[in-house]
Amino acid sequence: MRFLIITAGFIILAVSGLSEGAGKRISENGNKHNFSYSNISVNYRALPTNDDPRLPQSSQICVFCHTPHHASAEGPLWNRKATTKTFKHYSSTTLSIDDPALRSASEYGQPNGSSRLCLSCHDGVTALGAVFSTPFTMTPQPIHFTDSKGNTGPGVTLAYETFSSHHPVSFKYSSDVVNILQNTFGKNYFYPPLNNVKTDKLERMQCTTCHDPHQDKSNVPSPTTPFWAAGTYDDICGACHNVVPSPNPYPWK
Ligand code: HEC
Ligand code: HEC
Ligand code: HEC
Ligand code: HEC
């Protein structure tokens, strides 16, 4: 009974939360996080197997990340095995959150919080189908995938990792950190972030500060801003950076 209530609440929340915005919703064809077999226009999708004649994974959408049963505590009703990779994070000669004077306040290091959920696929080594619970099967089985290069099976992974050379995440963006950035390093940041731009409950910047895993809510045409959280680049970047770093604002590109 409790499962049913949790699941019903979860789905209502999801439907209301996912209905606004500019890009394809996760339930629509073309959304790259819709891995159902029928979503033929994307590079990676589930592959039906003969293991189970009902082929649930060919029509479901949420199962690749969420499950009402046997979920992991790592995220909301989370259905994925955790990444075990050790990551190198973004660094540069001008970055201060990695400086000894700031590192204990910023806690910049390995990915944590919800960024680890993204990296359970975006680490380039964990199988896309490595889930805990597959509906209608007695034992959890990895879901078979297929990619645009013709690789198939339970071991298909993303071809590359998105962490080491991307905008820093999983560091604290707290008033302490911003004070030190300002007073010790002479850098100009807004605190708290403007435009309702989100850090997590522990005030850490995460992948979800810039990306919404369900839908691209940008008002800039896709695919320039894949799974963009909302608004324009400036709305999000300018929420913290009083001056976006120059000469190259996107050194991770
Ligand atoms: C590719 C992975 C992925 C798929 C597929 C996916 N989600 Fe999520 N979902 C996430 C992640 C990651 C979070 C955690 C976001 C966070 O903590 O900020 C999340 C969070 C949620 C939440 C909590 C509220 C929120 O938005 O943070 C709800 C509700 C939800 N998902 C519903 C769904 C439903 C319903 C589906 C199927 C239509 C679905 N999701 C498919 C990755 C996914
Ligand atoms: C179930 C595995 C899975 C999870 C979990 C997941 N992704 Fe993805 N994501 C993918 C795949 C597969 C693609 C398609 C990549 C491609 O076509 O090259 C993708 C595409 C993307 C893209 C668009 C890339 C492009 O080339 O257009 C972004 C941005 C992205 N994911 C961000 C995230 C973020 C942020 C999270 C966590 C909040 C997340 N993803 C969680 C598997 C996942
Ligand atoms: C500061 C905002 C920001 C954060 C935080 C962020 N991204 Fe991105 N991401 C972007 C922008 C901007 C682009 C588009 C860049 C481009 O067009 O090359 C992008 C592109 C991507 C892409 C597609 C191109 C690529 O580089 O592979 C993926 C996948 C992706 N992000 C995943 C993630 C994941 C996973 C995280 C967390 C580890 C994350 N992003 C954190 C802003 C961000
Ligand atoms: C939640 C606040 C926040 C948001 C939103 C944000 N940033 Fe950042 N960004 C930071 C902080 C803090 C640093 C680390 C600054 C330091 O250590 O000197 C940083 C670092 C950077 C760096 C590396 C600077 C260097 O010296 O190597 C670049 C470039 C950058 N951000 C650009 C962007 C862009 C472009 C966006 C939007 C796509 C964005 N940021 C969104 C807070 C944010």
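Which residues come nearest to ligand 3? Here are my notes, point by point.

1. The ground rules. This is a predicted model, where local features need pLDDT of at least 70 and side-chain atom pairs count only at pLDDT 80 or more, while totals for chains, interfaces and linings use all residues. Residues are numbered from 1 along each chain as its sequence is written, chains are lettered from A and ligands numbered from 1 in the order in which they are written, and side-chain values use heavy atoms, with hydrogens and water left out.

2. The shell around ligand 3. Back to the opening question: His 166, His 167, Cys 207, Cys 210 and His 211 come nearest, out of 17 residues around ligand 3. To be counted as near, a residue needs a heavy atom within 4 Å. Helix 3 (115-122) and helix 5 are the elements that give two or more residues to this shell. Helices here are DSSP runs of H or I with at least four residues, strands are runs of E with at least two, and both are numbered from the N terminus. By class, the shell around ligand 3 splits into nine nonpolar, seven polar and one charged. For those classes, Ala, Val, Leu, Ile, Met, Phe, Trp, Tyr, Cys and Pro are nonpolar, Asp, Glu, Lys and Arg are charged, and the others, Gly among them, are polar.

3. The iron of ligand 3. Look for His 166 (NE2) and His 211 (NE2), the protein donors, 2.0 to 2.1 Å from the iron atom of ligand 3. Donors are N, O and S atoms within 2.8 Å of the metal (3.2 Å for Na, K and Ca), and since water is not among the atoms, sites may look incomplete. The two histidines are 45 residues apart and link distant parts of the chain: His 166 is in the loop between strand 3 (152-153) and strand 4 (171-172), and His 211 is in the loop between helix 5 (207-210) and helix 6 (233-237). The site is octahedral, with angles of 87 to 179° among its six donor atoms. For six donors, that label requires opposite donors over 155 degrees apart and all other angles between 65 and 115.

4. How covered are these residues? His 166 is partly exposed because its relative accessibility is 29%, and His 211 is partly exposed too, at 27%. Cys 210, at 18%, counts as buried. The cut-offs are under 20% relative accessible area for buried, over 50% for exposed, and partly exposed in between (1.4 Å probe, protein chains only).

5. Ligand 4. Here 23 residues form the surroundings, and the closest are Ser 92, His 167, Cys 237, Cys 240 and His 241. The shell around ligand 4 has 17 nonpolar, five polar and one charged residues. Don't miss Thr 94, with a polar side-chain atom 2.6 Å from an oxygen atom of ligand 4.

6. The iron of ligand 4. His 167 (NE2) and His 241 (NE2) are the protein donors, 1.9 to 2.1 Å from the iron atom of ligand 4. They sit 74 residues apart, with His 167 in the loop between strand 3 and strand 4 and His 241 in the segment after helix 6. The arrangement is octahedral because the six donor atoms subtend angles of 87 to 180°. His 241 is buried, at 15% relative accessible area.

7. One last contact. Thr 83 lies in the loop between strand 1 (44-46) and helix 2 (100-106). Its relative accessible area is 4%, so Thr 83 is buried.

Notes
Four donors count as tetrahedral if all angles lie between 85 and 135 degrees; four count as square planar and six as octahedral if opposite donors are over 155 degrees apart and all others between 65 and 115; anything else is irregular. A polar contact is a pair of N or O atoms within 3.5 Å; within protein, one must be able to donate a hydrogen and the other to accept it, and residues adjacent in sequence count only if both atoms are side-chain atoms.
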